[in-house]
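Biologist: Could you take me through one part of this model up close, starting with a sheet and then working outward to whatever surrounds it? I'd like the strand order, the pairing and the packing, please.

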Amino acid sequence: MNSVQLESEDGVPLAVALSERVHWVGALDPNLRTFDIILKTANGTSYNAYVIRGSEGVAVIDTVKEGFANDFFARLESVADYSEIKVIVLNHLEPDHTGALPELMKRAPQAQLFISQKAQSMLKGLLKQDELSYTPVVTGDKVSLGDRSLEFLHTPYLHWPDTQCTYAPEEAMLFSGDVFGCHFCDNRLYNDKVGDFRFSFEYYYAHIMRPFKEYVVRALELIEPLPLKLIAPTHGPILRDRPQHYIQRYRQLSSPALHNELKPNQKTLLIFYISSYGNTRRMAEAIYQGAMQIEDVRVSLYDLEGGEVAPFVDLIEEADGLVLGTPTINGDAVKPIWDLLSSLAVVNLKNKLGGVFGSYGWTGEGVRLVEDRLRGLKLRVPIQGLRVKLIPTEDEIHECKAFGLELAQELTGARESRVINFADL
Ligand code: FEO
């Protein structure tokens with residue numbers, strides 16, 4: 001029998017025991033099909049919250065989305081009185097985990113709230129109360145419940161600045177917040193009982209955690225040494241079977257996606273273009289030739305019309321520089337360029353080199369608009385974009401080659417700094 005009893009015979013939600021002292025008091029949302037506007041949820045999601053009982057009090061770890069508060073409170077009441085709650089831990093303040101918090105604070109006013117240092121301003125924004133009592137914690141801080149205790153791990157940006165994990169050493173359980181979670185709703189709850197959720201686990205990582213790979217690696221340094229019987233995330237299956245497997249998978253997913261072919265000190269510059277009459281393509285080819293003059297830069301040229309976006313995103317994630325060529329049509333860059341740019345939200349582009357070029361017929365706004373977008377994505381764009389009216393002349397082709405050379409030199413640090421004339425900007 002695979003099912004887990006989530007309700008009494010007369011339909012009252014019940015807590016589920018993960019151990020003698022730890023219970024799941026979350027809620028299932030099987031009908032959700034889109035989470036946070038961007039994430040697809042083919043069979044819904046769950047909002048997992050937990051209760052741990054010590055000899056000197058009870059702790060509640062996370063709550064649920066507001067509309068699911070009744071399920072949460074019914075499950076909580078099935079294992080604890082509000083007067084017993086000594087501690088409320090919020091691993092992450094996004095509303096899907098804090099929707100029931102204001103009501104919980106009313107019902108258990110004596111409980112002390114534990115949040116990460118970075119969650120303080122968010123808590124104020126969430127509760128809109130002038131006087132708030134809470135304890136900010138960092139890695140290594142602990143709270144005792146008598147014969148059970150909680151230890152906090154600061155794991156920022158997984159996936160918000162405020163995120164932390166909470167470890168219960170006597171239970172060898174990690175309450176991981178969104179980390180190791182996924183949007184997969186299955187009333188069998190445990191990873192060894194639910195349906196095949198591998199796609200959801202990978203999809204969740206790719207969309208939620210991937211932009212913060214370097215922070216994932218730092219968090220894993222804290223998590224990997226922990227003795228663990230179980231990982232209890234805030235979404236999706238509770239990972240009691242081979243919890244280390246999911247930690248290892250995060251380690252793999254946070255490593256470079258492509259095998260390393262680069263020589264020591266070699267930089268990579270990717271040039272993507274799209275062209276309606278061949279003019280932006282001519283510019284791209286000249287920029288490519290110019291950049292190739294620098295030996296330590298591996299330069300690649302791609303026509304966006306001939307490729308799929310997903311593999312390009314993997315390339316861009318690991319490249320040092322990104323150059324985009326777009327015509328201007330109706331005062332804008334063209335859709336394939338915007339499609340590529342919108343797909344880059346899942347990777348970290350901070351401080352990569354950016355550059356833009358393009359041919360235009362009338363006014364040529366596309367290049368400037370894409371430059372702005374690259375800056376918005378936190379690339380540095382130190383060389384002003386190159387625009388050519390219609391067909392590039394021989395002189396303009398030379399200018400394109402010089403542009404490519406300058407971009408490649410910028411990557412190797414060989415570019416001479418220039419005096420900027422603000423009238424040119
Ligand atoms: Fe599940 Fe980031 O909230």
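Modeller: Sure, and bear in mind that this is a predicted model. The sheet to start with is an open one made of five strands, running β12-β13-β14-β15-β16, and its pairing is mixed. At its edges you'll find β12 (142–144) and β16 (230–233); each has a single partner strand, so one side of each has no neighbour in the sheet. Going from one strand to the next, the twist averages 20°.

Zoom in on the β12 end. Its partner there is β13 (residues 149–154), and the two run antiparallel, joined by three bridges. If you want one pair to click on, take K142, whose bridge partner in β13 is E151.

Now for another sheet. This one is also open, with seven strands in the order β1-β2-β7-β8-β9-β10-β11, and the pairing is again mixed. Here β1 (16–17) and β11 (135–137) are the edge strands, each pairing on one side only. Look at the β11 end: β10 (residues 112–116) pairs with β11 in the parallel sense, over three bridges. Within that pairing, F114 has T135 of β11 as its bridge partner.

F114 turns up again when you look at the packing, as it belongs to a nonpolar core of 28 residues, along with V4, V16 and Y50 among others. That core lies apart from the largest one, which has 65 residues. In the largest core, the residues touching the most other members are F72, L76, I85, L123 and F180. The helix that gives the most to it is α5 (residues 198–209), with six residues. Pick L123 to see some of the packing: beyond its neighbours within four places in sequence, L123 is in contact with L90, L93, L101, L113, I115, K128, L132 and Y134.

One last stop, this time in a loop. T326 sits between β19 (321–325) and α10 (335–343). Is T326 buried or exposed? It's buried, with a relative accessible area of 0%. Its side chain has a polar atom 3.2 Å from the backbone nitrogen of V334. V334 is also on the list of residues that T326 touches, once you leave out those up to four places away in sequence; the others are I274, T280, A333, I337, F357, G358, S359, G366, V367 and V370.

Definitions and conventions:
Residues numbered from 1 in each chain as written. Predicted model: local features only at pLDDT ≥ 70, side-chain atom pairs only at ≥ 80, totals over all residues. Heavy atoms only, no water. Pairing = 2+ DSSP bridges. Helix = DSSP H or I, 4+ residues; strand = E, 2+ residues; numbered from the N terminus. Axes fitted to C-alpha atoms, helices over the stretch in contact; angles between N-to-C directions. Buried < 20%, exposed > 50% of the residue type's maximum accessible area, 1.4 Å probe, protein only. Polar contact = N/O pair within 3.5 Å; in protein donor to acceptor, adjacent residues only side chain to side chain. Contact = heavy atoms within 4.5 Å. Core = buried A, V, L, I, M, F, W, Y, C linked by side-chain atoms within 4.5 Å.
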